[in-house]
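Biologist: Could we go through this model together? I have a few short questions about it.
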Amino acid sequence: MNPRTCVHPRGKFIVGVHRPRFDVKNLRENETLEILGQSEDGSPVDNRVNFPKTDIHEPKADLIYEIANPFPFRGATFINSAWADPKVGRTEIIGIQPPPPCSLVQAMDRFIKDRGEDEPLSEPEKIRFLEALPRPVRLGLAQSSTDPGELAALARTCCKILFKPESKIPWGLGYKKKKDGTTIPDIKDHEVFEVLVNNRFLPDEYKEVLVLRPGVQGKSEIIGEVVSENGQTHVFEYLRRNSYIPWGHFASNMANDAVRYRAKDLSSEDMEGIRHLYYQRIFVRTAEQLNLRPESFRKNLTPEELEELRKSILDALESAPDTPLDFNAALWGWNFGFGSAQSGHRLHASHQMIHQQNAMIPGQVEDRSGRPYDCFSFGDLVTDFIHTFKKTHGISFFNAFLEAIRTNERTDGRFGESSLIVFEDENIILFVPKAQVSEWELQIITQKECDSILQADTGTRRSLDLGILTAVQVLEALGAQMVTSIELSGRLDRMGSGQHLMYSFIPRLPYAPGTFSEAQLRWISGCYPEDFAHACRRTLDTQKENP
């Protein structure tokens, strides 16, 4: 049986078309006729249409396009033509309007003024008013308020803040001791606090004290740093010892003197600095396993030193191909944005907006009986599939995949915009996948074979950094507030598999939570990928014209 994929071996995409027409037996015995209301002219509106007297005949329901994901383990995308057709030729309507200004305190002041009272709420009254609000309302304000003064007052209701004498400027947090003697920040409501500190409208002096200053998030050690020559870029690398990822992970955060809460505020130097810490950590840890030692110590590697170390690792692996690495896979991800519903459901999570994480995954551990246990890496699923594709069809999957991207035809068969490519250079392509696991998904793929970042030379790494920055900035400009980004890569010591390094950028759009469809890997979309790609290109052109 051929592997299930939308990529034909000849370099074309395959799209299934559902043209539903059907008959349904009416098995209902009774009628429950009710008056629902009345129309503008006073005539009654009833529910008679809901209780047909005959069987049902549907001659022509909406066309649904089914597209198997290029990778079978990611399911299939279903595009409803009734939702997608109105956007054809009107890609300017693809986007989400930014949320309107929001301030409960200002609304209260207007209400007081409308009642003929001259005095607005004083600062202590604002704090008492916010403290008196039900918790779901405070949580909603922490998420949605655009009033810096209101957010500063709200911060004082959920944690103990220390202020300079005779000043409204905070200088630190109050701390308290636990029963075991450890000292922790005196935070009364952690959830409101976490949502609040991720709101970009919170004054920077509060961000500094509450979340950005090194050490304020806990005792995680800072074991890496990037500082640009002009001082504009500053990134810290934190070690998370006790991680939900076994064997710990590393987090790269923009430092407290380089505040970034929006993708548009990130410079190319910022992204290169964040990603440099990722490359550096993976290369150094891999080199240590091969008994290679970089010359630098207690010092950030330069791009040139990093490249020399990468080449040394490749040489060592090539000279001893049977030498296994205990940790032989890289994991990278970025949760951009933060959200929490008043119901308590977490919509997204990150310690701060610009916060990327990486780790290394072992090849094997032992099970409880001491037998070898193969450890999971997401990229292994890609490796397994492309081997199956090559065995079945005799050609490289990624060659066919790249050809299909370049020669794409519109999903709906119309003439018009057909390109899926948003941006490309000699090393990478940023494109809209034909089958998306989230509406507005973007992907990056390397032009040449590149199993992992270990095979990415200096030029490829720079292209990847620029592509990642471009993808997130374009999505944000279109209105996405939360984007999950992941890397799909092969094992570091299994090169030459024909794999290409990939990145997936998955927005979490409003009114689109995961449901039973997504749980079955059925991804629902209301936009043709070609039209979304056009919207992305248009947005990218606008950004270039108005930097």
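Biologist: Is Cys-6 buried or exposed?
Modeller: This is a predicted model. In it, Cys-6 has 0% relative accessibility and therefore counts as buried.

Biologist: How many disulfides does the structure hold?
Modeller: It holds zero disulfides. For Cys-6, the nearest cysteine sulfur belongs to Cys-527 and is 17 Å away.

Biologist: And why is Cys-536 not bonded to Cys-527?
Modeller: The two sulfurs are 9.1 Å apart, which is too far for a bond, as a disulfide requires sulfur atoms within 2.5 Å. Cys-536 is also buried, at 0% relative accessibility.

Biologist: Which helices meet at the contact that includes Cys-536?
Modeller: Cys-536 belongs to α14 and takes part in its contact with α12. Helix α12 covers residues 458-477 and α14 covers 529-545; their axes are 10 Å apart.

Biologist: How are α12 and α14 oriented to each other?
Modeller: Their packing angle is about 100 degrees, so they are roughly perpendicular. The α12 side contributes Thr-470, Gln-473, Val-474, Leu-475 and Ala-477, while α14 contributes Phe-532, Cys-536, Thr-539, Leu-540 and Gln-543. By class, six of these residues are nonpolar, four are polar and none is charged.

Biologist: Changing topic, where does Ser-228 lie?
Modeller: Ser-228 is in the loop between β14 and β15. Its relative accessibility is 18%, so Ser-228 counts as buried.

Biologist: What does its side chain reach?
Modeller: The side chain of Ser-228 reaches the backbone nitrogen of Thr-233, at 3.0 Å.

Biologist: Lastly, which residues of α4 are buried?
Modeller: Arg-138, Leu-139, Gly-140, Leu-141 and Ala-142 are buried there. Their cover includes α2, α3, α5, α6 and β18.

How values were computed
Residues numbered from 1 in each chain as written. Predicted model: local features only at pLDDT ≥ 70, side-chain atom pairs only at ≥ 80, totals over all residues. Heavy atoms only, no water. Axes fitted to C-alpha atoms, helices over the stretch in contact; angles between N-to-C directions. Helix = DSSP H or I, 4+ residues; strand = E, 2+ residues; numbered from the N terminus. Parallel < 35°, antiparallel > 145°, perpendicular 65-115°, else oblique. Contact = heavy atoms within 4.5 Å. Nonpolar A, V, L, I, M, F, W, Y, C, P; charged D, E, K, R; others polar. Buried < 20%, exposed > 50% of the residue type's maximum accessible area, 1.4 Å probe, protein only. Polar contact = N/O pair within 3.5 Å; in protein donor to acceptor, adjacent residues only side chain to side chain.
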